[in-house]
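Me: Got a minute to walk through a model with me? I'll throw short questions at you and jump around a bit.

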Amino acid sequence: MVVEIKPNGASLGADVAGVDLSQPIDDAAFQMIADAWRDHAVLRFRGQQLDDEALCRFSARFGELDNAPVRPTNIPYHPDRKEIAVISNIVEGDVPIGGLGNSELVWHQDMSYKDLPPKASLLYGIEVPAEGGDTAFYNMYAALETLPAALRARIEGRECKHDATRNSAGQLRAGLQESYSNEERPGAVHPLIVRHPVSGREALYLGRRPNAWIVGMSDAESDALLDELWAHIENGAHTWTQSWQAGDLVIWDNRCTLHRRGPLDPALRRRMHRTQVRDEARPVAA
Ligand code: OGA
Ligand code: MN
């Protein structure tokens, strides 16, 4: 196996060629992949043919797999693999076969509402539309590097509560109320500036905008500061966008990137399987 890493020239992301992920990967090849993942944060492997077993096996090279988020009704999407999230806009009968559906998604980090968010997510395209349904990624090292010093000073040492009540499509998760005060809202508290445990670099850590709260601030003060931080994200161009082909496997580092799906024509079918890899430790302040 000759692993070839081809950076895509954007702020993040690289293609990895020469690897058949359905086959065993030796330690030397895996180390090249892990190093490239550290350096580029998002890797794409094209032309793969992965069943659920192979997807889980490769994902588990990065660490222990976490269980996937479940339906708003608390029932898993995947009939027999708790580790696999089905991400789809397809509705069979009246029942969506997967999560996130067709709604416009917001920039987010996966499952940062947990105390121990996944370090990696791996998304595999099974059925993808000819057009639309792209996934954009954002480099949060670059977001921090370009943050104006005065704005950085205002978040230095601060923590943010990451809302656990809604998913990235805005749907209320199982068993939760419609509204909460910021103090009582279920979720996890993480530093706004984190140090990546592998690269050693500092990154901005925002999770997602809706229902976020900077701990200890009034609602108005927190909203104003978060709006400034998110405006900085929206104004930056530290992105790379993945246009899907069936057989693409994309892995992203959830500790130093945001992602969001773009618009998707409801008439076109899109079906992906995702795994998420448990981190070894909670996000730590830089
Ligand atoms: C995810 C996600 C976006 C997409 O799987 O975590 O946000 O493009 N997916 O499907
Ligand atoms: Mn996501």
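Me: Let's kick off with strand β9, residues 120–127. Is it enclosed or open, and why?

Reply: Six of its eight residues are buried, so β9 is largely enclosed by the rest of the structure. Keep in mind that this is a predicted model.

Me: Ok. Which strand does β9 pair with over seven bridges?

Reply: That's β19, residues 271–277, and the pairing is antiparallel. If you want a spot to click on, Ala-120 stands opposite Val-277 in β19.

Me: And what joins β9 to β17?

Reply: Five bridges, with the two strands running antiparallel. β17 covers residues 249–253, and its Leu-249 stands opposite Tyr-124.

Me: Switching to the metal. What are the protein donors of the manganese ion, ligand 2?

Reply: Two histidines and an aspartate: His-108 and His-259, each through NE2, plus Asp-110 through OD. They lie 2.1 to 2.2 Å from the ion.

Me: How are those donor residues spaced in sequence?

Reply: The pattern is H-x1-D-x148-H.

Me: Are His-108 and Asp-110 buried or exposed?

Reply: Both His-108 and Asp-110 are buried.

Me: Now ligand 1. Which residues are around it?

Reply: The manganese donors His-108, Asp-110 and His-259 turn up around ligand 1 too. The others are Ile-87, Leu-100, Leu-123, Thr-135, Trp-252, Arg-261, Arg-270 and Arg-274.

Me: I'd like distances for docking checks. How far is an oxygen atom of ligand 1 from an N or O atom in the side chain of His-108?

Reply: 3.0 Å for His-108. For the side chain of Asp-110, an N or O atom is 3.0 Å from a ligand 1 oxygen. With Arg-274, a polar side-chain atom lies 2.6 Å from an oxygen of ligand 1.

Me: And how much of ligand 1's accessible area does the protein cover?

Reply: 99% of the 290 Å² that ligand 1 has on its own.

Me: Back to Arg-274 for a sec. Which strand is it found in?

Reply: Arg-274 is in β19, the strand that pairs with β9.

Me: Why does Arg-274 count as buried?

Reply: Its relative accessible area is 7%, and buried means under 20%.

Me: Which side chain does Arg-274 share a 2.7 Å polar contact with?

Reply: The side chain of Gln-276.

Me: Different topic: what's the strand order in the open sheet that contains β10?

Reply: β16-β10-β18, with antiparallel pairing. The edge strands are β16 (239–242) and β18 (257–261), and each pairs on one side only. Neighbouring strands in this sheet are turned by 20° against each other on average, ignoring direction.

Me: How many bridges join β10 to β16?

Reply: Four, with β10 spanning residues 135–139. One pair to look at is Phe-137, whose bridge partner in β16 is Trp-240.

Me: Last one. What about the sheet with β11, which strands form it?

Reply: Three strands, in the order β12-β11-β15, and it's an open sheet with antiparallel pairing. β12 (187–191) and β15 (213–214) stand at the edges with a single partner strand each, so one side of each has no neighbour in the sheet.

Me: And what's the bridge partner of His-162 in β12?

Reply: Ala-188. Five bridges join β11, residues 159–163, to β12.

Note on methods: Residues are numbered from 1 along each chain as its sequence is written. Chains are lettered from A and ligands numbered from 1 in the order in which they are written. This is a predicted model: local features need pLDDT of at least 70, side-chain atom pairs count only at pLDDT 80 or more; totals for chains, interfaces and linings use all residues. Side-chain values use heavy atoms; hydrogens and water are left out. Donors are N, O and S atoms within 2.8 Å of the metal (3.2 Å for Na, K and Ca); water is not among the atoms, so sites may look incomplete. Buried means under 20% relative accessible area, exposed over 50%, partly exposed in between (1.4 Å probe, protein chains only). Two strands pair if DSSP finds at least two bridges between them. Axes are lines fitted to C-alpha atoms, for helices over the stretch in contact, and angles run from 0 to 180 degrees between N-to-C directions. A residue is near a molecule or strand if one of its heavy atoms lies within 4 Å of it. A polar contact is a pair of N or O atoms within 3.5 Å; within protein, one must be able to donate a hydrogen and the other to accept it, and residues adjacent in sequence count only if both atoms are side-chain atoms. Accessible areas come from the Shrake-Rupley method with a 1.4 Å probe; for residues, only the protein chains shown count as cover.
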